[in-house]
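Subject: Structure handover, with notes on charged side chains

Dear colleague,

I am passing on the structure we spoke about, together with some notes on it. Please open it alongside this message as you read.

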Amino acid sequence: MRRGGGGGGGGGGRGYGNYTNPCLTMHQPWASLLVYGIKRIEGRSWTTPIRGRLWIHAASKVPEEDTIKAMEDFYREIYAVNGITDLKFPEHYPVSRLLGCVEVVGCVKCEELASWEAVPEGVRLEGQTDFCWLCEQPQKLLVPFEMRGYQGVYNLERKIHEAAIRGLVPVKGPMPVKFPLPNLQDPFSLKPGSISVGFSDNKASVVEKSEGLSAAIAGARAAATQFNKKDQNLLSNTTTNSYSNSTSSGRPDSKSLEEDKMLDSCSFGGSGEEASVPSKAEQLNPIKCEESSRRGQTREDLKQIPGASAKIFAAAVRGLKQS
């Protein structure tokens with residue numbers, strides 16, 4: 001196990017692989033919600049490969065108004081469960097920017113988090129994916145600066161890290177959480193299966209959901225699912241084109257293969273969740289993300305693009321009626 005800290009300035013992540021200053025590119029609004037301490041759980045289909053500091057970078061896609069509203073409504077509802085009603089959301093959701101960092105202290109399964117009585121009810125409701133990365137101590141950059149992103153967890157470049165480390169300021173979220181470690185001497189002890197052994201054999205504690213909370217959860221799920229549907233269609237088209245090009249030329253088309261690698265469907269956590277755990281080669285050789293020409297726009301400036309976002313709440317309502 002390698003303990004990081006390279007890249008200058010200290011504070012590097014500690015991980016199973018070759019990570020010194022690990023960074024994760026996420027879609028907005030999830031990226032800013034995490035850095036602002038509102039979001040405390042990062043949802044994934046794979047376990048976290050690191051412990052310690054994780055830098056958060058916002059992807060190039062400008063968030064749509066319906067997506068922002070769905071996620072803000074979701075967090076209003078789950079914080080209301082703990083009596084917090086005065087949430088202050090970010091005024092802007094900038095794209096293609098390094099935003100700040102959080103401390104990843106563990107990873108548990110969704111069903112474990114849902115039954116974990118050692119954490120507030122609202123936190124338990126955040127877990128909506130297979131694996132839940134537990135995040136503490138958010139810090140944001142006073143001036144988020146532009147950089148390109150990569151797929152999966154990747155190392156922040158040394159020069160970028162040296163500049164970013166000097167611009168961090170602590171953030172106090174609406175309800176900071178300290179996740180208890182099963183073994184205080186082992187920073188990797190909070191992992192899938194580590195807390196379920198302490199649960200009672202009796203029925204697990206379940207947070208009761210109001211109609212408004214259920215609708216907010218459905219809306220948030222639909223907001224994340226839009227990326228899956230778009231990318232699955234793109235993957236199908238890309239694969240078809242790649243096969244056609246390979247059969248005509250005798251070899252795979254390199255451009256199509258690169259587009260295929262860049263496909264990055266979104267988890268409930270709002271970032272590029274791969275269909276499987278990224279390989280070590282993929283982690284150490286990330287794919288360059290597309291840059292956006294639209295930078296730092298306010299919500300009022302955002303021009304909406306017709307698409308899945310307009311169907312978010314309709315899909316949520318249909319889901320509730322069917323359940």
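The notes below deal with the charged side chains and their surroundings.

Please keep in mind throughout that this is a predicted model.

I begin with Arg44, which has its place in strand 4, the run of residues 41-44. Arg44 has a relative accessible area of 0% and therefore counts as buried, the cut-off for that class being under 20%. The side chain of Arg44 is joined to that of Glu42 by a polar contact of 2.9 Å. Arg44 also lies 5.9 Å from Thr129, taken from C-alpha to C-alpha, although 85 residues separate Arg44 and Thr129 in sequence.

Glu42 in turn takes part in a salt bridge with Lys39, in which the closest N and O atoms are 3.2 Å apart, and both Glu42 and Lys39 are buried. As a general point, side chains of opposite charge can pair when their charged atoms come close. The count of salt bridges comes to 11, and two others that I looked at in detail are described next.

The first of these is within a helix: the side chains of Arg76 and Glu72 meet in a salt bridge with an N to O distance of 3.7 Å, and both residues belong to helix 2 (residues 65-80), where they sit 4 residues apart, or about one turn of the helix. How do Arg76 and Glu72 fall with respect to burial, buried or partly exposed? Arg76 has a relative accessible area of 40% and so is partly exposed, whereas Glu72 is buried because its relative accessibility is 5%. The pair does not stand alone, since a network of salt bridges links Lys69, Glu72, Asp73 and Arg76.

The second is the salt bridge between Glu146 and Arg97, whose closest N and O atoms are 4.0 Å apart. This pair links distant parts of the chain, with Glu146 in strand 7 (residues 131-146) and Arg97 in strand 6 (residues 97-109), and with the two positions 49 residues apart in sequence. Glu146 is partly exposed, at a relative accessibility of 45%, while Arg97 is buried, with a relative accessible area of 15%.

If you go through the model yourself, I would suggest taking these sites in the order given here.

With best regards

Note on methods
Residues are numbered from 1 along each chain as its sequence is written. This is a predicted model: local features need pLDDT of at least 70, side-chain atom pairs count only at pLDDT 80 or more; totals for chains, interfaces and linings use all residues. Side-chain values use heavy atoms; hydrogens and water are left out. Buried means under 20% relative accessible area, exposed over 50%, partly exposed in between (1.4 Å probe, protein chains only). A polar contact is a pair of N or O atoms within 3.5 Å; within protein, one must be able to donate a hydrogen and the other to accept it, and residues adjacent in sequence count only if both atoms are side-chain atoms.
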